[in-house]
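Me: Please take a close look at the aromatic rings of this model, and in particular at how rings pair and where a charge sits over a ring.

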Amino acid sequence: MISSPLSHSAVVGGYQPPTGAFDEVKTGAAEVRPVCQALMSAVDRLGAAGLNDRREHAHQLLREHGVTYNVYADGHSAERPWNLDMLPLLIDADEWARLEAGLIQRTRLLNLVLADIYGPQRLLQEGLLPPALLHANPGFLRPCHGVRPPGDQHLTLHAVDITRAPDGQWWVLVDRTQAPSGVGYTVENRVVLSRVLSEEFRSHQVQRLAGFFLRRKEGLRALAPWTDSPNIVLLTPGPLNETYFEHAYLARYLGYALVEGNDLTVRDRRVYLKTIEGLQPVDVIIRRVDDTFCDPLELRSDSFLGVPGLVEAARAGNVAISNALGSGAVEAPALLAFLPALAKHLLGEDLLIPNVATWWCGQQREREHTLGRLDRLVVKRAFVGNEIVPQFTETMDEGARREIAAQVRANPHAFVGQERVPLSTAPVWTGDRLEPRPMLLRCYICATPNGYTVMPGGLTRVSASAGSPIVTSRFGGGSKDTWVLSSGPVEEVSLLDKGGRPTRVERNVSQTPSRVVENFFWLGRYAERLEDSTRLLRTVLSRLAGETGPVEAAERAAMIRTMIGREKLPEDFDENAHFDELADELRALLFDEERIGSVHELLRRVAYLTASVRDRLSGDTWRILNHLQTEFPEPIANISIHSMLGILHRLIMQLAAFSGMGMENTTRGHAWRFLDIGRRLERADNLMSTLQIVLETDAKNPAALVPLLEYSDSTMTYRRRYLATPELPQVLEVLLGDASNPRALAFQIDALRRHFVELPEHQREHPEAVKFAEQHAIFSGASFHALGLAASKGQAQPLKHLLERLLEGCRETSDLLTAHYFSHVLARPN
Amino acid sequence: MLYDITHRTSYSYESNVSFSHHIAHLRPRETYRQQVRKFGFEISPQPTAVVPRTDYYGNPATFLAVESPHHELVVTSTCRVAVSPPEWPDPAATPAWEEVREACATDVLTPDSEMGEFLFNSPHVPRTHQFAQYAAPSFSSRRPLLEALLDLTHRIFTDFAFDPRATTVATPVAEVLENRRGVCQDFAHLAIACLRSIGLPARYVSGYLETTPPPGKPRLVGADVSHAWVAVWCAGFGWIEADPTNDLLPGDRHVTIAWGRDFSDVSPLRGVVVGGGEQELEVAIDVVRVEDASG
């Protein structure tokens with residue numbers, strides 16, 4: 001059969017796989033392989049326009065889900081959107097069954113090797129591993145020798161990168177045993193592609209991924225045989241890690257707490273999670289921190305990512321770690337040379353999926369072999385993964401090859417020679433045609449109570465360009481969903497039950513690390529501070545736009561004085577400054593991210609805090625906070641007043657949406673409570689600071705009151721009550737004493753009072769409770785109308801004094817509160 | 001020789017430490033010429049965990065956890081150790097150093113290749129050609145290993161100045177080679193780097209040295225220090241020790257505590273504290289000869 005029957009479109013017909021490599025879709029004779037025929041017919045039916053439409057939809061979903069990969073360049077990290085191709089890789093059921101058997105064999109083998117090198121080391125005595133392979137291997141962690149993980153399960157999640165040789169035979173290129181990445185991206189690829197190609201997905205009987213995760217969860221539970229309901233956490237290096245998106249995503253998908261090293265502590269050789277309710281024991285840690293960084297006491301002492309005492313806790317058998325500390329030792333490329341013999345010896349079997357032929361230069365004969373064949377081999381680091389670019393000595397000139405040879409001779413243990421395997425190719429949709437790209441399939445194997453199981457699918461990655469032999473997300477390649485076809489009906493499982501609830505209630509879901517709660521507190525504060533800055537700026541800007549008269553001029557001058565007092569404008573700023581000078585200052589207040597308190601600076605802080613609590617935010621809340629960033633424009637040098645106002649209006653709408661989400665779409669847990677406490681404290685602080693300044697500079701100036709009401713969004717409240725020109729006593733009543741006005745001090749104090757009694761382990765004699773009660777008493781005893789009357793007659797001192805006491809008290813309460821609930825955690829912002 | 005040894009380490013912290021974890025390598029290990037007759041720990045404040053074990057290199061190690069808030073931590077270990085004098089081989093009778101190198105480089109496990117454990121990079125000791133270059137004049141072709149080692153030790157002793165202000169525990173050994181000054185730990189690391197860079201297994205020995213007061217002066221209490229030296233693997237003879245700080249082969253005045261690849265494996269008291277701010281460290285060591293050998 002030549003191509004497909006529906007080849008009227010040039011899409012599939014125009015695809016030309018290169019010669020000399022196996023193509024996943026077409027044979028050498030340019031025929032579509034049977035497994036791909038249905039999909040290729042669909043591709044032709046969609047045509048270029050249909051594919052581009054699907055691609056646009058997929059990009060939009062990925063953007064909305066916030067799927068990113070952090071890329072480091074020049075010491076800066078940048079979030080890069082995840083790149084997903086429209087065509088999945090297809091593998092039929094029989095072929096997959098053969099792969100599965102080979103992958104499981106490999107995981108069993110590597111687990112046995114780990115159990116040996118961290119135990120009796122018989123493989124050295126029996127001559128199956130040269131001693132130097134262990135001695136020179138930086139992944140072999142001596143402090144972990146003799147630490148037996150529960151059930152001797154060192155390797156509970158294993159990733160294997162495979163590709164196909166020109167004859168169609170699958171080969172293993174790389175093992176990942178440290179902390180395999182990509183599982184979350186694999187799920188996300190599936191979620192997105194199964195939506196944009198929903199008909200094709202349904203008609204193909206694709207095996208589902210969810211069952212793998214259910215079994216992974218069973219496997220993790222079984223790692224802690226000492227308890228029926230183990231507390232399981234996912235340990236991440238933090239938001240700056242290149243795959244942080246995935247850590248947050250997986251934590252939520254699996255229903256485990258996402259924690260950083262600082263959230264955990266070892267007491268009495270047990271691991272605990274620090275929560276604002278106290279220390280909660282932790283039984284199993286899914287580790288996304290490399291093992292050498294996991295314990296500054298026994299491993300790398302310069303690490304800030306780990307938990308001091310973790311090795312000792314594991315040694316005592318009080319915690320299980322997936323993967324066990326030290327399992328990075330077997331992802332060394334040097335080990336590949338020995339696996340065929342190890343499989344025979346330990347399993348009595350041949351490797352079902354062969355390795356790429358590898359020669360470890362730590363052995364003399366192998367070294368000479370490698371150096372003699374530099375024109376045909378690839379030279380790689382023996383013990384580091386593919387962080388260091390492989391050297392394709394085949395294509396080098398003599399001088400460069402001599403240089404490599406000298407490096408190998410100087411430090412032979414550090415290198416391997418590897419046969420160059422041409423990667424198989426798969427078509428990638430570029431927007432106007434299908435282009436062949438070298439590809440790698442990353443498969444995942446996990447431990448379960450009934451042995452190992454393979455994820456039916458995986459992360460297919462393609463190189464960035466047709467000519468590049470390097471396939472890695474670091475260098476900007478793309479990815480594909482992987483469809484493993486089923487021979488029978490598809491297993492329908494989900495991590496959610498029919499009502500949308502998790503099928504099993506995880507004990508740890510409600511356990512929030514104190515750090516997370518602290519970040520919510522600061523998110524509340526900074527979001528409110530951002531709104532405050534935005535409102536101040538908007539109030540003054542609106543008195544600059546269009547034709548303005550003497551009233552606006554007087555109000556503008558009062559606002560400028562307020563902004564100087566609030567330290568938004570420089571102390572020596574002239575309130576009668578020329579229009580252009582003022583406009584420049586206001587532009588800087590909007591755009592200058594280096595300027596403390598500018599809108600852009602606060603937005604950045606909100607972004608940082610948002611990222612750090614991302615796994616705790618609902619999808620909608622996250623989208624709103626994400627839009628806040630993505631829709632904020634790049635600085636525009638001569639932006640008009642009108643456009644600035646547009647930006648500020650939109651910001652206020654988005655912040656209102658965020659507050660609304662907080663009220664309507666968030667469970668009243670501790671995170672929400674501290675977010676709201678932060679917001680209330682900040683609002684009270686901003687309001688009182690602003691009032692203090694107005695009383696100082698404009699106590700008797702009626703022109704200051706209109707913008708003040710506008711800034712505090714209380715104009716309507718005032719009109720409803722008084723139907724008159726603002727006067728100070730009434731304004732104070734509205735802004736301070738009116739408990740029904742959500743912007744008033746009374747409202748903040750009421751809200752705080754309700755929050756305080758709900759705090760974990762709340763005690764009346766706790767210092768922050770004592771302080772707050774004192775404030776409450778001072779506040780309740782005050783008559784703002786009377787104080788305002790006096791102030792408008794020039795007797796502002798008693799009112800100022802009261803505000804000062806309340807403001808001081810508000811700040812002290814905040815400090816006492818944070819000291820009580822978060823002090824054992826390193827401070828984050830500020 | 002019989003010694004009573006007191007080793008007191010005290011940390012004072014600027015602010016409260018809420019809790020801390022430590023690993024102590026303070027109990028001297030047993031060797032063919034060293035027996036530990038008594039050993040005891042005193043820790044203040046009271047630790048919540050004191051867990052003894054044997055580490056990867058066979059040294060006694062202790063995991064300590066102090067979980068009550070404290071401003072000061074004092075760890076005092078006392079021991080009585082009997083040391084008999086070693087018999088180092090006749091230098092000329094030891095094998096050519098290249099033979100030892102080849103014996104250690106085999107692909108199969110032998111008593112020699114097993115010592116490859118001490119042949120590669122370790123946290124404080126990289127292998128580079130600079131160290132190989134420094135070692136080269138001592139390790140001339142076919143020279144008996146111990147002769148070459150004595151020569152290297154002597155050169156380190158004469159080329160380098162003992163200067164406690166020149167380095168800290170964090171000074172890289174490459175810097176020591178460049179600046180030509182340091183303390184016993186630096187010289188031990190330097191010797192190890194030289195030996196490993198030419199393919200010989202070398203390990204770090206942490207211990208005590210009995211000091212003698214100047215003639216006519218009384219022995220000062222607490223004046224002793226912890227000491228470090230080096231050992232090289234010599235096929236057919238086992239480990240041979242050398243003390244580059246004093247240009248000699250250790251005798252019965254050197255008391256061994258522990259050995260490892262470098263200082264990081266056997267630091268007497270390694271710890272991670274939570275809180276604390278600035279800290280001050282004071283170490284006082286007494287090595288007192290006990291005349292009554294019935295001890």
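Reply: A charge is taken to sit over a ring if NZ of Lys or CZ of Arg is within 6 Å of the ring centre and within 35 degrees of the ring normal. In this predicted model, B:Arg203 lies over the face of B:Phe118, at 5.8 Å from the ring centre, and in chain A the face of A:Tyr526 is covered by A:Arg529, at 4.7 Å from the ring centre.

A:Tyr526 also takes part in an aromatic pair, one of 27 in the structure over all chains, in which its partner is A:Trp522, with 6.1 Å centre to centre and 35° between the planes, a tilted arrangement. Both residues belong to helix α14 (residues 514-541) of chain A, where they are four residues apart, about one turn of the helix. A:Trp522 counts as buried because its relative accessibility is 14%, under the 20% cut-off, and A:Tyr526 is buried as well, with a relative accessible area of 1%.

A further tilted pair is formed by A:Tyr718 and A:Tyr722, whose ring centres are 4.9 Å apart and whose planes stand at 45°. These two tyrosines lie in helix α22 (residues 715-722) of chain A, again four residues apart, about one turn of the helix. A:Tyr718 is buried, with a relative accessible area of 2%, whereas A:Tyr722 is partly exposed, with a relative accessible area of 24%.

Elsewhere, ring pairs join A:Trp82, A:Tyr185, A:Phe212, A:Phe213, A:Phe245, A:Tyr249 and A:Tyr253 into a cluster.

How values were computed. Residues are numbered from 1 along each chain as its sequence is written. Chains are lettered from A and ligands numbered from 1 in the order in which they are written. This is a predicted model: local features need pLDDT of at least 70, side-chain atom pairs count only at pLDDT 80 or more; totals for chains, interfaces and linings use all residues. Side-chain values use heavy atoms; hydrogens and water are left out. Rings of Phe, Tyr and Trp (its six-membered ring) pair if their centres lie within 6.5 Å; planes under 30 degrees apart count as stacked, over 60 as edge-to-face and the rest as tilted. Buried means under 20% relative accessible area, exposed over 50%, partly exposed in between (1.4 Å probe, protein chains only).
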